[in-house]
Amino acid sequence: MTGRRAVEKSTTPNPASGSTKRAPQGRGTRRTTGLKEEPEFIQLLTPTGERIDHPDYPLEVSAEEVRSLYRDMVLVRRVDAEGTALQRQGELGLWASLLGQEAAQIGSGRAMRPDDFAFPTYREHGVAWCKGVPPVNLLGMFRGVNNGGWDPNENNFNLYTIVIGSQTLHAVGYAMGVQRDGGDSAVVAYFGDGASSQGDVLEAFVFGASYNAPVVFFCQNNQWAISEPTSRQFRVPLYKRAEGFGFPGVRVDGNDVLACLAVTRAALEHARSGQGPMLIEAFTYRMGAHTTSDDPTRYRSSDEVESWKAKDPIARLKAYLDREGLADETFYKEVDDEADELAAQIRAGCLALPDPEPLSMFEHSYAAEHAQVAEERAFLADYLAGFAEEEH
Amino acid sequence: MTQLTLAKAINAGLRRAMEQDPKVVLMGEDIGKLGGVFRVTDGLQKDFGEDRVIDTPLAESGIIGTALGMALRGFRPVCEIQFDGFVFPAFDQITTQVAKFRARSLGTVSMPMVIRIPSGGGIGAVEHHSESPEALFAHTAGLRVISCSNPEDGYWMIQQAIRSDDPVVFFEPKRRYWDKAEVDVDGSAPRPFDRAAIVRPGTDLTLAAHGPMVRTCLEAAAAAESEGRSIEVVDLRTISPLDVDTVAGSVDRTGRLVVVHEAPVFFGLGAELAAKVTERCFYRLEAPVLRVGGFHAPYPPSRVEEIYLPDLDRVLDAVDRAFAY
């Protein structure tokens, strides 16, 4: 695993940092509630792997970079499959699958610099990968050995946040801190279509706009909030909300890793150049269940799922690589082998995660001694010690 | 020594904390030019700038949520919630995010945030402006909950709260904002912020209170003295953790305890203190621990709040009952 990497700066003119200060605009205009209707969005790679240009989001990527995007997507899909398998085998209590959202996560994740800070939900395993978080760390809370489990500052990747939308405010606050420090880092706040109904997300839009904070709001619209379709969350395309808050909003094909990379780069440049927030709606699909506890056959049709399979982000990039002759069978085999090796590492790492010591529940809650904690820890220690004596 | 009101004392404490640490920032509604609705932040934006005294949009969850992000970035945010009854939109962020963050990060990231809440009744206010929600926060692990009752504590405890690496919910008794006292603003804090203080010694009964009720209890103790009863008054100062040692030590001497707070007694601080003191002082108690506080009714319209709020007579009534056992 390679983890953290800086993406080279694009040499193409960037619409988001242009001298006109005109914000990049999306082209999506149609309603998106209909299943058959194809929304308009920024796309650089068609579902059949044909490379197309977009006037506002030019992207020059080397063959090596495209191959590495492919590799990242394959690896995180394998990480995700292993998470699901571990849950099915009883090694995890729960797993939230990213299946289908690899392009949105790898594209946006790779657009970030190491000093850019990401605020994930609980499904951003692909972004975690881009930020260099060891995948085994992601398993801790799903296995039940901790409730978070890493230092957010180590990789500039915040703890997973389960309460829907809370992290968007944290992201804006962090960006306000960046402003005060005078740095040019930017922040990405991840959230989903369901979260867009949360007050916290809308407050984050207000605060972000009010302070012109260097934050990118990155919504993965995967069409489903557990069982609720997007029509329950919004009646106009989500990205259009941004205008009402006073910053640009764009919709991108969330299954197109090149488009996600280009648009997120532009939004990050927009943020670091002092132009404030942008909202990106990555139009994608949750191919799996909400979590391993969910049964999507109760609320959505297999036809719908099939229609999205044809837009698979990895198959699409592979079609492009093949079409352009940028990769050969050796490359694909190497990536597949690496994925299997990574999965084996994750499995071994998961099984090796120690159960927490009972008294550890009192650790870390306070920085300084708290009398109530001290009293209860002492009580529990004595109580448990009583059992140990009985065993002898 | 300087004569200060409680509001001015907290203001002076905030100013000193901001002078000593450039990472201290204030956030809240109307705290800038206006100086806060109680003027506690008066003049601070003028002297420290808009980047450090931040007028926020009118959204409490937004204030606390963004403050968490600022703290993660290395700042020490001091948030003002305009009135007690307005903290609830932020309750989610405080209890699910701020309180748990340090534990979730396995101790790698602390949350040095202060949440100032002017609280309590007695000022003839409209609904949602007179409540005492301290028990709701004390019930949440990861938070410290403290309550100042006088200008000296206001001056020092706000500085101690800001220096704390733990999130602190800091209750300010709004009806005592205009109480004046001498404060030594140059010395050092007379006591830690997680300890209670015996503010009036006595031998026959202990009154335990915090915030606005400390003055009420001192007045009750003075009145009882004329009836020949020697009453000790403990200013709890800290609600989480609760300084049970100081209260139990007092009850070991007096044998009687009455707990007084404005918050409803049902599931309140008094219930917790009664349980703890009963465990510690069972053989010393001459009477059950009694509670005086708000009723299990929505905070009433201000024309009858005097009936709802504990006053000198209600405290003395409980004192009489404690002596009747």
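Visitor: Let's start in chain B: in which loop does B:Pro241 lie?

Guide: B:Pro241 sits in the loop that runs between strand 12 (238-240) and helix 8 of chain B. Bear in mind that this is a predicted model.

Visitor: What makes the peptide bond that joins B:Ser240 and B:Pro241 cis?

Guide: Look at omega, which is about 0° for the bond between B:Ser240 and B:Pro241, so this peptide bond is cis. In general, most peptide bonds are trans.

Visitor: Over in chain A, what stands out about phi of A:Asn212?

Guide: Phi of A:Asn212 is near 55°, a positive value, and the residue is not a glycine. Most residues other than glycine have a negative phi. You'll find A:Asn212 in the loop between helix 7 and strand 3 (215-221) of chain A.

Visitor: Why are helix 6 of chain A and helix 7 of chain A called roughly parallel?

Guide: Their axes cross at roughly 15° and come within 7 Å. Angles under 35 degrees count as roughly parallel, and therefore helix 6 of chain A and helix 7 of chain A get that label. For your notes, helix 6 covers residues 166-181 and helix 7 covers residues 199-210. Helix 6 of chain A passes helix 7 of chain A in a left-handed crossing.

Visitor: Which residues make that contact?

Guide: From helix 6 of chain A come A:Ser166, A:Thr168, A:Leu169, A:Ala171 and A:Val172. Helix 7 of chain A answers with A:Asp200, A:Val201, A:Glu203, A:Ala204, A:Phe207 and A:Gly208. Sorted by class, the residues of this contact are six nonpolar, three polar and two charged.

Visitor: Why are helix 6 of chain A and helix 3 of chain B called oblique?

Guide: Those two pack at an angle of about 55°, with their axes 6 Å apart. Under 35 degrees would count as roughly parallel, 65 to 115 as roughly perpendicular and over 145 as roughly antiparallel. The angle fits none of these, so helix 6 of chain A and helix 3 of chain B are oblique to each other. The crossing of helix 6 of chain A past helix 3 of chain B is right-handed.

Visitor: What are the residues of the contact of helix 6 of chain A with helix 3 of chain B, by class?

Guide: There are nine nonpolar, nine polar and no charged residues in that contact. Helix 6 of chain A brings, among them, A:His170, A:Tyr174 and A:Met176, while helix 3 of chain B brings residues including B:Gly65, B:Leu68 and B:Met70.

Visitor: Which element gives the most to the side of chain B that touches chain A?

Guide: The contact takes 36 residues from chain B and 35 residues from chain A. On the chain B side, helix 3 (60-72) and helix 4 (88-104) each give two or more residues. Helix 3 of chain B gives the most, with nine residues. That side of chain B has 13 nonpolar, 16 polar and seven charged residues.

Visitor: And why are helix 8 of chain B and helix 9 of chain B called oblique?

Guide: Their axes cross at roughly 55° and come within 10 Å. That angle lies outside the roughly parallel, perpendicular and antiparallel ranges, so oblique is what remains. Helix 8 of chain B passes helix 9 of chain B in a right-handed crossing. The contact includes B:Val244, B:Val247 and B:Ala248 of helix 8 of chain B, and B:Leu273, B:Val277 and B:Cys281 of helix 9 of chain B. Its residues are seven nonpolar, no polar and three charged.

Visitor: How many residues of domain 1 of chain B are in contact with domain 2 of chain B?

Guide: Domain 1 (2-183) and domain 2 (197-324) make up the division of chain B. In the contact, 23 residues of domain 1 of chain B meet 22 residues of domain 2 of chain B. Strand 6 of chain B provides the largest share of the domain 1 side, four residues. The centres of the two domains of chain B, taken over C-alpha atoms, are 26 Å apart.

Visitor: How far apart do the C-alpha centres of domain 1 of chain A and domain 2 of chain A lie?

Guide: They lie 41 Å apart. Domain 1 of chain A is 15-356 and domain 2 is 361-392.

Visitor: Last one: what pLDDT does chain A average?

Guide: Chain A averages 91, and 90% of the residues score at least 70. Residues 1-36 of chain A are another matter, with pLDDT below 50. That stretch still has 67 contacts in the model beyond near neighbours in sequence.

Conventions:
Residues numbered from 1 in each chain as written. Chains lettered and ligands numbered in written order. Predicted model: local features only at pLDDT ≥ 70, side-chain atom pairs only at ≥ 80, totals over all residues. pLDDT = per-residue confidence, 0-100. Contact = placed C-beta atoms within 7 Å. Nonpolar A, V, L, I, M, F, W, Y, C, P; charged D, E, K, R; others polar. Domains from an automatic or database assignment. Axes fitted to C-alpha atoms, helices over the stretch in contact; angles between N-to-C directions. Left-handed = near helix turned anticlockwise from the far one by under 90°.
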